[in-house]
Amino acid sequence: MDSPLALYRRYRPESFADVIGQDHVTEPLRAALAGNRVNHAYLFSGPRGCGKTTSARILARALNCAQAPVADPCGECDSCRDLARNGGGSIDVIEIDAASHGGVDDARDLREKAFFAPVRDRYKVYIIDEAHMVTTQGFNALLKLVEEPPPHLRFIFATTEPDKVLPTIRSRTHHYPFRLFPPKLVADYVATLCEKEGIAVEPAVLPLVARAGAGSMRDSLSVMDQLLGGSGTEGVTYELATGLLGYTPDWLLDDVIDAFAAGDGAAVFTAVDRVIETGQDPRRFTEDLLRRLRDLVIVAAVPDAPATGLLDISDDQADRLVAQAARFGPAELSRAADFVASGLTEMRGATAPRLLLELICARVLLPGADHTTGGVMARLDRLEKRVQISGGTPSPAPVREQAAPVPTPAHPAEPVKEPEAEPVPVVESTPELVAAAPEPAAPVTETPAPPAGGLTLADVRRLWPDIVEATKLRRRVAWMHLTQNSQVVALDGNTLTLGFTNVGARDSFIGGGCDEVLRQAAIDVVGADWKIDAIVDAGAQPDSTAPVASVASSAAAPPEPRAEQQAVPEAPPAWADDEAPEEPPTASSQAAREAIRETRAPGKDGARERPDLDADAHPDDPRAEDVTGTEMIQRTLGAEIIEEIRHT
């Protein structure tokens with residue numbers, strides 16, 4: 001019993017209508033054949049397995065068809081049957097392998113025989129395969145014949161390297177470049193052939209076959225033929241394909257990607273050890289890992305890429321890719337892909353590929369934004385804490401249910417707006433309202449805040465020391481405010497509410513730009529972009545001096561509406577009176593103050609900007625006469641005097 005032919009030979013196209021993926025070549029050739037405008041010489045170029053020789057045979061078959069000129073051969077005449085898939089060949093169509101017949105003697109022999117008329121058909125056709133292997137002397141011997149052939153002679157050159165064909169020969173031909181086949185087209189065509197063969201194939205196998213073929217239809221069919229030969233009664237399975245083709249299984253790539261997302265070095269290096277122990281090629285594993293990272297980059301940029309066909313993957317794998325891409329940021333994915341790509345280049349010719357693979361994984365695990373030791377360790381802490389929080393991410397439902405209690409403590413000053421809008425004497429109404437403010441503020445620190453963006457109030461307070469420490473590296477004044485004068489009150493969505501012991505500390509915090517410093521520190525530590533909302537909360541008492549300063553400053557400065565409080569840009573006016581927030585500065589004055597804040601004495605600015613308010617406040621303010629410099633620093637800045645050095 002004879003064994004069947006190879007898959008690519010059994011299903012070789014017999015007409016241009018059967019050729020797929022090369023419409024830019026087949027359509028012009030069919031038009032030339034139908035219009036009887038066929039040239040005397042053609043040059044077919046392109047990668048291997050893309051249909052050059054097959055198209056040359058179809059062209060010769062159409063030229064000698066009994067019904068010519070026709071776009072497609074009839075398949076019924078003697079010439080068509082001789083040149084068919086299982087035909088014996090035609091004496092007037094000569095195929096020459098230039099790899100073994102490319103010398104000058106072979107060219108001379110061809111030149112002598114070419115002048116004889118065809119035996120049966122209309123044309124004598126020479127198909128010269130691997131034409132780039134013809135020597136320069138051989139091409140020179142053929143030059144005159146190719147330039148002015150007899151009427152019955154046609155040449156078809158097929159090559160993978162058209163640049164090596166002699167330019168004088170190439171200029172006398174019609175050049176048709178063939179292209180590689182798209183992976184999806186290869187997968188669909190292979191699936192069609194498997195249906196004709198009656199063998200079951202798992203859908204996940206087809207992308208592997210297309211990838212192994214690298215765009216070559218002949219190579220893809222050869223790979224599929226190998227899988228079909230080794231399949232059992234269950235057909236071609238994914239395990240059989242990955243084991244036979246040497247690709248990394250998806251579950252192993254999933255483990256490595258999940259470990260990268262979690263910053264779990266133990267899991268990453270365990271996976272690398274598993275790759276080596278199972279006998280897989282580290283280079284192939286690195287290539288598969290780079291391909292997975294590429295897919296994640298595309299999914300992160302185009303979430304519906306699997307559904308639109310941008311990625312040719314199965315449905316279950318598409319769900320996994322979407323979930324994995326959500327755990328990374330675009331910068332992290334791009335950075336990891338860069339490291340793996342550069343490492344794959346270094347692996348070529350390396351004597352210790354496992355060592356390079358482990359170094360690649362170590363680079364991916366370390367944050368790369370800051371190459372200093374402090375920056376690396378800070379970003380490593382950020383990754384670890386984000387992983388701890390993401391492990392217990394609450395569902396979105398509790399966010400909406402528990403979001404209601406937050407506005408109650410976060411807006412204790414809202415009753416202030418109603419009485420202050422009606423009576424003119426603001427100073428009398430403020431102490432009463434401030435005295436009532438601590439009552440709703442106290443339960444706020446005790447009741448848990450709702451989760452926001454995967455973080456709860458408990459998580460924020462647990463990470464708060466790291467955030468405060470990060471502000472110390474940016475601006476020490478902001479760090480002093482956060483450690484001495486404030487505490488976390490609530491977290492509502494993307495708004496972080498801080499309670500300050502007095503109005504002066506709050507205004508100094510906001511006016512000095514410390515809220516922006518805190519926002520950037522929170523982004524660095526936990527990756528959350530919060531809007532900082534500062535309020536006056538008498539419950540925020542970091543030390544024993546805080547209550548006195550809070551009550552005294554609150555009695556002197558009424559808590560005006562939120563817009564009026566945030567409009568005060570002065571951080572340094574520590575020696576100015578706390579009634580300053582009552583007069584919102586204009587845009588021009590605010591810009592001027594910010595421009596020269598660092599170059600002028602803070603006391604002069606308050607006295608010069610608001611002379612009327614100071615004149616009204618100081619005569620009746622008992623604190624301005626008896627307070628000392630140390631007490632003033634503790635009250636307005638929340639600072640603590642550690643040591644006083646006297647200069648003599």
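This presentation describes the fold of one protein chain, its two sheets, one helix and one loop residue.

Good morning. I should state at the outset that the structure before us is a predicted model.

I begin with the chain as a whole. There are 648 residues, and 44% of them count as buried. The secondary structure comprises 35 helices and eight strands. The exposed area of the chain is about 32200 Å², with carbon and sulfur atoms supplying 54% of that area. As to the contacts, consider those with a separation of 6 or more: residues 24 or more positions apart account for 73% of them.

I turn now to the sheets. As a general reminder, the strands of a sheet pair through backbone hydrogen bonds, in either a parallel or an antiparallel manner.

One open sheet has five strands in the order β2-β3-β4-β1-β5, and its pairing is parallel. Which strands stand at its edges? They are β2 and β5, the latter covering residues 174-177; each has a single partner strand, so one side of each is left without a neighbour in the sheet. From one strand to the next, the twist averages 15°.

Let us look at two pairs within this sheet. Strand β2, residues 93-97, runs parallel to strand β3, residues 124-129, and five bridges join the two. In this pair, V93 stands opposite V125 of β3. The connection involves helix α5, residues 104-114: together, β2, α5 and β3 make a right-handed β-α-β unit. The other pair is formed by strand β1, residues 41-45, and β5, which are parallel and joined by four bridges. Here S45 has P177 of β5 opposite it.

A helix also belongs in this picture. Helix α6, residues 136-147, lies across β1 and β4, where β4 spans 153-159, and α6 runs at about 140° to β4.

The other open sheet has three strands, ordered β6-β7-β8, and its pairing is mixed. At the edges stand β6 (486-492) and β8 (531-536); each has a single partner strand, so one side of each is left without a neighbour in the sheet. The twist in this sheet averages 30° from one strand to the next. Strand β6 is joined by six bridges to β7, residues 495-500, and the two run antiparallel. Within that pair, V488 stands opposite L498 in β7. Helix α27, residues 503-511, packs on the sheet and touches both β7 and β8; the direction of α27 makes about 160° with that of β8.

I now come to a helix with a defined buried face. In α26, residues 476-484, the residues A478, H481 and L482 are buried. How are the buried residues arranged around the axis of α26? Seen down that axis, they fall within an arc of 90°, so they line one face of the helix.

My final item is G215, which is placed in the loop between α9 (205-213) and α10 (217-230). Is G215 buried or exposed? Its relative accessible area is 10%, and because the cut-off for buried is under 20%, G215 counts as buried. Leaving aside residues up to four places away in sequence, G215 touches L180, F181 and A210. In addition, the C-alpha atoms of G215 and P182 are separated by 6.2 Å, although these two residues are 33 residues apart along the chain.

That concludes the presentation. Thank you for your attention.

Terms used:
Residues are numbered from 1 along each chain as its sequence is written. This is a predicted model: local features need pLDDT of at least 70, side-chain atom pairs count only at pLDDT 80 or more; totals for chains, interfaces and linings use all residues. Side-chain values use heavy atoms; hydrogens and water are left out. Two strands pair if DSSP finds at least two bridges between them. A crossover is right-handed if, with the strands pointing away from the viewer, the path from the first strand over the helix to the second runs clockwise. Buried means under 20% relative accessible area, exposed over 50%, partly exposed in between (1.4 Å probe, protein chains only). Contact means heavy atoms within 4.5 Å. Accessible areas come from the Shrake-Rupley method with a 1.4 Å probe; for residues, only the protein chains shown count as cover. The arc is that of the directions from the helix axis to the C-beta atoms. Axes are lines fitted to C-alpha atoms, for helices over the stretch in contact, and angles run from 0 to 180 degrees between N-to-C directions.
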